[in-house]
Amino acid sequence: MSERDVTICEVGPRDGLQNARGRMTTADKIRWIAALAEAGLPEIEVGSFVRPDLVPAMADTAEVVAAAKRIEGVSIVVLVPNRKGAERALAAGARKLTVPVSASRAHSRANIRMEPEQAVAQVAEILALARDADPPAEVAVGISTAFGCTLQGTVPEGDVVRLAEALAEAGVEEIGLADTVGHANPAQVKRLVRAVRAGVGERLVGLHLHDTRGRGLANAVAGLEEGIRAFDSSLAGLGGCPFAPGASGNVATEDLVWMFEDMGLRTGVDLDRLLAARAILAEALPGEPLHGHLARVRCAA
Ligand code: COA
Ligand code: ZN
């Protein structure tokens with residue numbers, strides 16, 4: 001694998017499909033994930049282990065994990081909201097788990113039906129399960145609604161810092177800040193990255209940005225300037241949390257890669273192959289709006 005300056009985790013198969021209008025078949029998911037891996041993405045979040053009655057699009061995640069694990073050179077990630085989700089993920093063979101923990105109490109209740117304090121306690125249980133797995137699994141936590149929440153409104157920075165510190169104390173080594181509803185602005189990204197880093201140091205690893213208000217790329221640069229080197233994004237800018245009113249797509253992977261590469265930062269991703277993967281998406285999810293500046297520019301050229 002080539003050297004990279006930034007690591008991009010493609011979250012379309014999870015964040016994108018959980019909020020899509022149509023349902024992608026398991027076979028198409030696997031075909032799409034294979035194309036994303038072939039484009040050189042180092043990490044792909046392929047699904048979540050949540051209640052299938054609440055998020056039917058994620059009901060086949062175990063099958064998707066089994067197939068994705070056979071693809072070489074890519075790290076497969078899944079989202080788990082609680083202990084039961086972690087047990088299902090580990091049984092399916094997943095070895096990198098992301099746990100969403102909301103900084104907003106209102107979003108925490110709506111999304112995972114827990115208070116943030118209960119969510120931290122679940123994380124501790126999930127860490128223990130992951131440590132005991134054979135081979136052991138990695139656990140990262142994404143702090144959802146870290147920059148604001150449509151249900152609660154403002155999310156005080158102090159709440160985010162305290163939550164990050166509680167997670168670090170519970171033993172979490174990898175923490176990300178998620179702008180679930182796209183409220184962040186670049187100055188806020190810089191401020192919060194600094195504040196959280198003052199609390200948990202290098203355990204703050206990544207940013208998960210949504211482009212709801214068109215600030216996704218600007219926020220990514222702000223994070224980059226503060227030393228963040230890991231970013232989540234979604235092909236064609238799909239995405240959004242079904243339990244956060246007004247949530248829309250992630251920053252588009254192809255635009256993020258394009259911008260970083262033009263800035264001289266190596267992503268290890270092949271843009272032509274990445275763009276080609278949009279065709280699978282268009283075919284497998286007919287009618288779903290596909291976003292992204294690069295695709296438009298290339299079409300016009
Ligand atoms: N996967 C599948 N089933 C689960 C589960 C999981 N991760 N967690 C709990 N369940 C089942 C339980 O076994 C129980 O089933 P039973 O009634 O047949 O015994 C039932 O769900 C209720 O269990 P409980 O622990 O009370 O969970 P809950 O109903 O409070 O649900 C979540 C909690 C987090 C699983 C649920 O709110 C959820 O799936 N949310 C989706 C979050 C999401 O995808 N958000 C977007 C990405 S951040
Ligand atoms: Zn998201």
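Donors are the N, O and S atoms within 2.8 Å of the metal. The views below show a predicted model.

**View 1. Coordination of the zinc ion (ligand 2) in the predicted model.** Three residues coordinate the zinc ion (ligand 2): Asp15 through OD, His208 through NE2 and His210 through NE2. The coordination distances run from 2.0 to 2.2 Å. Along the chain, the donors of this ion follow the spacing D-x192-H-x1-H. His208 has a relative accessible area of 9%, under the 20% limit, and is therefore buried. His210, at 2% relative accessibility, likewise counts as buried.

**View 2. Asn250 and its contacts with the zinc-coordinating residues.** Asn250 is found in the loop between strand S8 (230-233) and H10. The residue is buried, with a relative accessible area of 2%. The side chains of Asn250 and His210 are joined by a polar contact of 3.3 Å. Apart from neighbours within four places in sequence, Asn250 is in contact with Asp15, His208 and His210, among others; these three residues coordinate the zinc ion (ligand 2). The contacts of Asn250 also include Val11, Leu209 and Asp211. Others among its partners are Ser233, Ser234, Gly237, Leu238, Gly239 and Gly240.

**View 3. Polar contacts between ligand 1 and the protein.** There are 17 residues around ligand 1, of which Phe49, Arg51, Asn82, Arg88 and Asn111 come nearest. In the side chain of Arg51, an N or O atom is 2.5 Å from an oxygen atom of ligand 1. Arg88 places a polar side-chain atom 2.8 Å from a nitrogen atom of the ligand. For Asn111, a polar side-chain atom lies 2.7 Å from a nitrogen atom of ligand 1. On its own, ligand 1 has 930 Å² of accessible area, and the protein covers 67% of this.

**View 4. Composition of the shell around ligand 1.** Two or more residues of the shell come from each of helix H1 (12-18), helix H4 (83-91) and helix H5 (105-112). H4 gives the largest share, with 3 residues. By residue class, the shell around ligand 1 divides into 8 nonpolar, 4 polar and 5 charged residues.

**View 5. Surroundings of Leu97 in strand S4.** Leu97 has its place in strand S4 (residues 96-102). With 0% relative accessibility, the residue counts as buried. Residues up to four places away in sequence being left out, Leu97 touches Val78, Val80, Ala86, Ala89, Leu90, Ile126, Glu138, Val139 and Ala140. Leu177 lies 80 residues from Leu97 along the chain, and the C-alpha atoms of the two are separated by 16 Å.

**View 6. Helix H10 and its buried residues.** Helix H10 spans residues 253-262. Of its 10 residues, 7 are buried, so the helix is largely enclosed by the rest of the structure. The buried residues are Thr253, Glu254, Asp255, Leu256, Val257, Met259 and Phe260. Just after H10, Gly264 takes a positive phi of about 90°.

**View 7. Glu254, a buried residue of helix H10.** Glu254 has its place in helix H10 and counts as buried at 0% relative accessibility. Its side chain is joined to that of Arg278 by a polar contact of 2.7 Å. Beyond residues up to four places away in sequence, Glu254 touches Ser234, Leu235 and Ala236, as well as Leu271, Leu274, Leu275, Arg278, His291 and Leu294.

**View 8. Glu261, a partly exposed residue of helix H10.** Glu261 also lies in helix H10. With a relative accessible area of 31%, Glu261 is partly exposed, whereas Glu254 is buried. The side chain of Glu261 makes a polar contact of 2.6 Å with the side chain of Thr267. Leaving aside neighbours within four places in sequence, Glu261 is in contact with Arg266, Thr267, Gly268 and Val269. The C-alpha atoms of Glu261 and Leu274 are separated by 13 Å, and the two residues are 13 residues apart along the chain.

Note on methods:
Residues are numbered from 1 along each chain as its sequence is written. Chains are lettered from A and ligands numbered from 1 in the order in which they are written. This is a predicted model: local features need pLDDT of at least 70, side-chain atom pairs count only at pLDDT 80 or more; totals for chains, interfaces and linings use all residues. Side-chain values use heavy atoms; hydrogens and water are left out. Donors are N, O and S atoms within 2.8 Å of the metal (3.2 Å for Na, K and Ca); water is not among the atoms, so sites may look incomplete. Buried means under 20% relative accessible area, exposed over 50%, partly exposed in between (1.4 Å probe, protein chains only). A residue is near a molecule or strand if one of its heavy atoms lies within 4 Å of it. A polar contact is a pair of N or O atoms within 3.5 Å; within protein, one must be able to donate a hydrogen and the other to accept it, and residues adjacent in sequence count only if both atoms are side-chain atoms. Accessible areas come from the Shrake-Rupley method with a 1.4 Å probe; for residues, only the protein chains shown count as cover. Helices (H or I, at least four residues) and strands (E, at least two) are DSSP runs, numbered from the N terminus. Ala, Val, Leu, Ile, Met, Phe, Trp, Tyr, Cys and Pro count as nonpolar, Asp, Glu, Lys and Arg as charged, and the others, Gly among them, as polar. Contact means heavy atoms within 4.5 Å.
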